[in-house]
Amino acid sequence: MPVSPAPRPESDAPPPGTGSRPDGGPRSARPAVGAELELSIDSLAHGGAGVARHDGYVLFVPGAVPGDRVLARVVKRKRSYAQARVQRLLEPAAERVPEQAHHPGVPWQVLPYERQLAVKEDQVRDALRRLGGLSGDAVEAIVPARQQWRYRNKLEYSFGTDHTGRLVCGFHEPGRWDRVVAVDDCLLASAAGNAARELVLGWAREAGLTAHDRRTGEGILRHLVVREGRRTGALQVRLVTTPARLELDELALALGDASLLWTRTEARAEITSGGATELIRGSARLPERLLELELGISPEAFFQTNTEMAETLYETAREFAALEGWERAFDLYCGIGTIGLSLAPRLGELWGLEVVPDAVRDAQENAERNQISNARFEVADVRLALRELTEQAGRPDLVVVDPPRAGLSAKVVRRIVECAARRIVYVSCNPTTLAPNAAQIVEAGWSLRRVRPVDMFPQTPHIECVALLERWAAGGG
Ligand SMILES: C[S@@+](CC[C@H](N)C(=O)[O-])C[C@H]1O[C@@H](n2cnc3c(N)ncnc32)[C@H](O)[C@@H]1O
């Protein structure tokens, strides 16, 4: 499921944002797995879980918020911290607001929206200070989302079985790969997206199909991906199954104008990527509009899941890039080319690198579709191809990076530094990786000028921001 509700730290080091003692405090204070504790939540960690302290020992409690008093069971224990699951809310925080969505994926819906924004902005500042050793002064006011609900253009649902044995389609219960919570109205999706899911579920029940069970290998239905062009109204439905035989004509007809794709996969993991995808009806590329661009998006290509706020994000990148029209820019981790193409009319030339071939094909076609002739996109792993790109294209004036959550490795940062661009615009979906990356770039001679968080994911702890690093003082050469 795309919206993960809580962090699941894997190492023994305490996750960022806890301020816990590195030695974890006295050993005797460590509660055992299975222990039930009454805990007072005092803050929110990066990733969204509530943080409590028990005899100086740090516990992360997903779903709990500051001010809550909860009865929680310890489910995982490390040397310096543990994870606990709420059993009962003993005393709710005064600021809690009633839940609107009865499905997972929106763990911060109990916080007033203004508070969500304040916490996100603070977490960006905190990450830069504590994980980057940088000043938080560059952090600007967070830009609120235009819509607090029904903002996602893509939802990935899972099929499962309820306690009566009936087929359901919804989200995995947090922390449970084997349990799916049925959804009848996903408040992150549009009405049209919800209707498409319900139609597919109705068809599957009628056809007597069952959910795939990883333990027994029985059943064929795995996931359902519903994607929507928010500006075009186009809908795309992708059914993910085991490599089974299926008759889909009736479903395709029932879906009307929506496109239908079918992915068959033997993957063991609960993921929607990979496998063989067949177009059953309509178009494989979802049409969408963003800023001045007409776009086509392939099923395997990344596209920001909040179209409206992606515009704000890219406008921020454009503002930070402060282009004059002659510059050479590299768009690294370019996906279908959206950031670079939105800058291209104000650039001399644009070079994009992206590892997913379908996304690069989309980027090339998107350039053509929008009569942009100064852009080139190549299938390449940024980790390996950056030096070669600089040799081929020449030194860039601007580097835009938009990496996955894990951020940039130290080696990629070194390669970016070698490019010696005056400006680096770093679009980040994870301040805890932005901070050490920015610190390394600052160490190499750039200044962190501006960091603007943009709220793309209301009701969730996910934080997106745009950072500007400049090599010379403003007005310098
Ligand atoms: C957060 S997305 C950003 C995409 C694009 N900039 C946008 O705004 O839509 C990160 C992209 O990096 C790509 N990617 C991941 N690892 C990569 C690598 N090592 N080299 C090149 N691209 C990579 C992913 O396929 C994905 O398209």
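Me: Which strands does helix 2 lie across, and at about what angle does it run to strand 9?
Reply: Bear in mind that this is a predicted model. Helix 2, residues 191-206, lies across strand 6 (154-161), strand 7 (167-172), strand 9 and strand 10. Its angle to strand 9 is about 155 degrees.

Me: OK, what's the strand order in the open sheet with strands 6, 7, 9 and 10?
Reply: That sheet has seven strands, and the pairing is mixed. Neighbouring strands are turned against each other by 35 degrees on average, ignoring direction. The order reads 8-7-6-9-10-11-12.

Me: Which strands stand at the edges?
Reply: Look for strands with a single partner, because one side of each is then left without a neighbour in the sheet. That picks out strand 8 (180-182) and strand 12 (276-281).

Me: Strand 9 and strand 10 pair up, so which residue does valine 225 stand opposite?
Reply: Strand 9 covers residues 221-228 and strand 10 covers residues 235-241. They pair in the antiparallel sense over seven bridges. Opposite valine 225, in strand 10, is arginine 238.

Me: On to helix 1: how far does it reach from its first C-alpha to its last?
Reply: Helix 1 spans residues 113-132, which makes 20 residues. At 1.5 Å a residue you'd expect 28 Å, and the model comes out close to that. The reach is 28 Å.

Me: What do the buried residues of helix 1 pack against?
Reply: The buried set includes Val119, Val124, Leu128 and Leu131, along with charged ones such as Lys120 and Arg125. Their packing partners are strand 1 (36-44), helix 9 (431-443), strand 20 (447-454) and strand 21 (464-470).

Me: How many residues of strand 21 are buried?
Reply: Strand 21 has partners to consider: strand 19 (residues 423-428) joins it through six antiparallel bridges, and strand 20 pairs with it, also antiparallel, over seven. Among the bridged pairs are arginine 423 with glutamate 470 and valine 451 with alanine 467. Strand 21 is mostly covered, and the buried count is six of seven.

Me: Now the ligand: which elements give two or more residues to its shell?
Reply: The ligand is surrounded by 20 residues, and the closest are Phe302, Tyr333, Gly335, Val355 and Asp402. The elements giving two or more are helix 5 (338-343), strand 16 (349-354) and helix 7 (382-393).

Me: And how many residues in that shell are nonpolar?
Reply: Split the shell around the ligand by class. Four residues are charged and three are polar. The nonpolar count is 13.

Note on methods. Residues are numbered from 1 along each chain as its sequence is written. This is a predicted model: local features need pLDDT of at least 70, side-chain atom pairs count only at pLDDT 80 or more; totals for chains, interfaces and linings use all residues. Two strands pair if DSSP finds at least two bridges between them. Helices (H or I, at least four residues) and strands (E, at least two) are DSSP runs, numbered from the N terminus. Axes are lines fitted to C-alpha atoms, for helices over the stretch in contact, and angles run from 0 to 180 degrees between N-to-C directions. Two residues are in contact if their C-beta atoms, placed from the backbone, lie within 7 Å. The expected span of a helix is 1.5 Å times one less than its number of residues. A residue is buried if 20 or more other C-beta atoms lie within 10 Å of its own, exposed if 12 or fewer, and partly exposed in between; C-beta atoms are placed from the backbone. A residue is near a molecule or strand if its C-beta atom, placed from the backbone, lies within 6 Å of it.
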